[in-house]
Structure formats: C-alpha cells, structure tokens
Amino acid sequence: MATHMTPEEFRQAGYAVVDWIADYWSTLGQRPVTSQDPPGAVAAALPAGPPAHGEPVEAVLADLDTLVTPRLTHWQHPGFFGYFPANTSGPSVLGDLVSAGLGVQGMLWATGPACTELETVLLDWLADLLGLPARMRSSATGGGVIQDSASSATLVATLVAVHRASGGRWREAGVDRRYRAYTSTQGHSSIEKAARIGGLGAEGVRLVDVDPDTQAMSPAALRTAVEADLAAGVVPAIVVATVGTTSTTAVDPLPEIGAICAEYGIFLHVDAAYAGAAAVCPELRAGHAGLEYADSYCFDPHKWLLTGFDCDAFWVADRGELIEALTVLPEYLRNAATESGAVIDYRDWQVPLGRRFRALKLWFVLRWYGVEGLRAHIRSGVALAAGFADRVRADDRFELVAPHPYALVCFRLRGDDATNEALLERVNASGRVLLTHTRVRGRHTLRLAVGSPQTTQAHVDEAWELLSHAADELTAGR
C-alpha cells in the first residue's frame, strides 16, 4: 500500500517532474501546436477507474507523454499566435511550486500574515510600474489585490458599483430596482456574465456603439444611453471601459468617458486585461490617459507578463467602499488582528473566501526579470508584431483591418469571408502555427498575437511564409 510521500521521496520525484517540464519546453518547437485527434480520444484511452494500489511518479510521467501532451493545444509554443497569450515562465512555475508546497490559506491576515503583506506590497510595486493613479496605492485610499481573472475583477467592480448606486441598500435588500451597466460593443463577454451573476440580467447591460474606424467606444453614444436610461427611471451603475479590446486591442477614450462618469456619479471600471502589461514601458502608456477617473482597474499578468494563470491584478481607488460591499464576518473567523482594523483581510476583496498564495509567482517573476527584463519582453513582442504588420501592408493581396498599438495584428486577405476562413484553416492545419479569428465591421478577420517568450523573428517569419504560400494557392484560380 502506498504511504504518504516523504520529503526525500518528494525530492526525487520533484527532480523528475522538473526535468520533464524542462524537456517539454525545450522540445515545444518541434511539436504540432494543436492536436488533430477527435473529441473523446483522451477519455477513451484512460482506464475505467483509479488504480487500487499506488503507482510511482514515473508511471504518471509516462502517461503524460503518451496520453496528455500529444492531445493538447500548446499555449507556450513559439508558434502560438492565437487568442491572447497566456504565458508562463520558469520563475513563475517555481513560485507556484513554492506556493503549493507551503499550502497557505490566505483568507485573513491572521491565517498567513506574509501571504497578505507580500501581496499588498507587490501590487503597490506594480501600480508604480504601470504609472497608475496615486490613490490606488495601499498607502492612500485604495490598494490592489490578486483575483483569479479579469472576469472576477469585473464581477467585483459590478457588485461594488451596485452597492454604491443603491446608496448601500444592496447589501441588505439586494437588487431593488433597475440598474444598468454600460460597455462598448467590443467589451468582453465577462461584463454580461457579471451583470447576470449580479442580478442585473443580460438586459442590464447596454452595449454602446463604437467609432467604426477605431473600434473604440463613442462618448457621445455613451452619454445618449445614460440620459435615455435616466429618463426611463433606470439607475446607471457602472461603465466598463476597455484598454485593448479582445477583438482588435482598441482603446476606449478614458478622458471623455471618465468625465461623463464623474458628471453622473457612475462607477468607472477599466478593463486592461491584455494591454495593461504594456504600461510597464513608459512609451506604451497612451491608453492610460484619463485613468485618474477610474474607480477600479485591472490587468492580467497571466497574459503578457510572464506569470502563469491565474493572476489578475485588480486595484480600487476606495478600498473602504469595496470592503463595505463584500465583507461578511462569521464568529469562527473573528480575531484580534481583524478587529484592530490595522490589517487587510483579502477575503473582503473577492467573491470566494479562500485564496492561494498567488503573490509568490509574481514575486519570483519580478525578482528574476527585474523591471528592465519585463520591458524587454514587452518591447520584443511589440516589435515582432510591427514587423509582421509591415509585411501585411507591403503585400497588395492583404489588408490591415485595425490599428495595432500593442502586439496583436488584425488582417485579412482581400476578398470574401470564405477565402479568409479557408486561409486560416489551411495555415493552422500545418501544425506549425495557430492563429484565431474575429469579425471586424462584419468581415472575417485573422488575428496574430505575439507573446510567448520562446517566439523569435524566425517564428513570425514562418507564420508569414505559411500565410503567403496559402494565399498563393487560394488566389491562383481567381
């Protein structure tokens, strides 16, 4: 019968697992980016139940090689250009390993003082690094916290906004009238989900038109929507403005949107899930103009800042309002530190009670790379994307569909949607790269997002060569 793993057994197994991960990373470039197996292949290959007796780690690693990794989409692959990046790094994995080994439950300051205080300081570091407004520091009225994702950040912001819009009644009475959330037609789907979970319903979200050229929210359309709702007796609760939309990385005009929010007393949440990472570079902070209006702001280090999923950095300008909206203190959690009022209890800053020591992987990343290392990573991605866009621009067969302020390029083959769908399918079938698509102004559009630390100029060149060759084949019969 297998017994608990001893520290020495863990050491030996741990070496084997670290070796396995290092081998995986070093061979990624030779693997197909995606699996071609049909649905159900993994399930069919697994036994009917767990083993009656324990097995060695080597047996599990062997099954990882034969069952699991051949049937993955490899998000760390240097040819992965789909969606947005979700990239990890060596120091992040090591920080996660330490977090898992410590097994700390960080719901209260008292349940892990260092877990809380390290997180608070790191979020202040990050706020400085991104040039966020001073009031979002823990030394002022606000402060930061790590959420699992930008979806959770949007949900928390929505709950605080409804609490504010109800004059505090929401805590006891719930959603007692019609409240509205506003975002652009390009806002993330999590905004509707947050409204539904928060009791506003899908009808509680008003999608605001965008400028057709920039794909950014129209302030005039926002004002019209707010005024129409007020006239109808609906209470405007929250505007979610996006810096770097999912579809094209459009940047909503925060100065104008913020002024409207200030005029009507509407909570402003800024979702910079992808593009926020770029602000570690001073020259890439244009999207933050007007951020002084924001009541909350988030970005995902787990997208483009080399920190493994899950890690969303979320700041508020008024932590008192956040805590008032979300705090619940049962008798079994009462403790002297909490009642002193001198500590942060992060359970009051999120939906779940419990929380992992996520700050460790962020700390490892910041310590390993340093500020200049992080900036070099971002600048490399922006430069590779800009070079790819130049090649698109120089080829009469293709067209750029939207501006590319960061490291996403939206482009298409001139012609109909069917040809572009075939182009995407053909290029991805090579197994060498993965691109994804969106629709811009109603047209099927390809997206190439650079972000992996393993991606080099050669990988971007290969993507272009595959696209160019496939375009030749598809347009030969025209």
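In the predicted model, Ser184 stands opposite Val208 of strand E3. This pair belongs to the contact between E2 and E3, two strands that run parallel and are joined by 4 bridges. The connection from E2 to E3 passes through helix H8, residues 189–197, and the resulting β-α-β crossover is right-handed.

Strands E2 and E3 form part of an open sheet of 7 strands, in which the pairing is mixed and the order is E1-E7-E6-E5-E4-E2-E3. The edges of this sheet are occupied by strand E1 (143–147) and strand E3 (205–208), each of which pairs on one side only. Between neighbouring strands of the sheet the average turn is 20 degrees, with direction ignored. Helix H9, spanning residues 219–231, packs on the sheet and touches strand E2 (179–184), E3 and strand E4 (235–242). The direction of H9 makes an angle of about 170 degrees with that of E2.

At the E1 edge, the pairing is with strand E7 (residues 312–316); E1 and E7 run antiparallel and are joined by 5 bridges. Within this pairing, Gln147 has Asp312 of E7 as its bridge partner. The loop between helix H11 (301–304) and E7 contains Asp310. The peptide bond that joins Phe309 and Asp310 is cis, with omega about 10 degrees. A further backbone feature occurs at Thr249, a residue other than glycine whose phi is positive, near 65 degrees. Thr249 is placed in the loop between E4 and helix H10 (254–264). As general background to both features, most residues other than glycine have a negative phi, and most peptide bonds are trans.

A second open sheet comprises 4 strands in the order E8-E9-E11-E10, and its pairing is antiparallel. Strand E8 (398–400) and strand E10 (436–440) stand at its edges; each has a single partner strand, so one side of each is left without a neighbour in the sheet. From one strand to the next, the twist averages 40 degrees. Strand E10 pairs with strand E11 (residues 443–449) in the antiparallel sense over 5 bridges, and in this pairing Arg439 stands opposite His444 of E11. Helix H14, which covers residues 359–393, lies across E8, strand E9 (408–413) and E11. The angle between H14 and E9 is about 20 degrees.

Analysis of the pockets places about 440 Å³ of space in the largest pocket. The lining of this pocket is made up of 16 residues, of which Tyr24, Trp25, Gln76, Thr88 and Val93 are the closest to its centre. At least two lining residues are supplied by each of helix H1 (7–27), helix H3 (57–68) and helix H4 (90–102). Among the contributing elements, H1 gives the most to the lining, with 4 residues. By residue class, the lining of the largest pocket divides into 11 nonpolar, 4 polar and 1 charged.

Key
Residues numbered from 1 in each chain as written. Predicted model: local features only at pLDDT ≥ 70, side-chain atom pairs only at ≥ 80, totals over all residues. Heavy atoms only, no water. Pairing = 2+ DSSP bridges. Axes fitted to C-alpha atoms, helices over the stretch in contact; angles between N-to-C directions. Contact = heavy atoms within 4.5 Å. 1 Å grid on protein atoms, 1.4 Å probe; cavity = no way out; pocket = protein on both sides within 12 Å on 5 of 7 lines; lining within 4 Å. Points joined across faces, edges and corners; volume = space filled by probe spheres on them. Nonpolar A, V, L, I, M, F, W, Y, C, P; charged D, E, K, R; others polar. Right-handed = clockwise from strand over helix to strand, strands pointing away.
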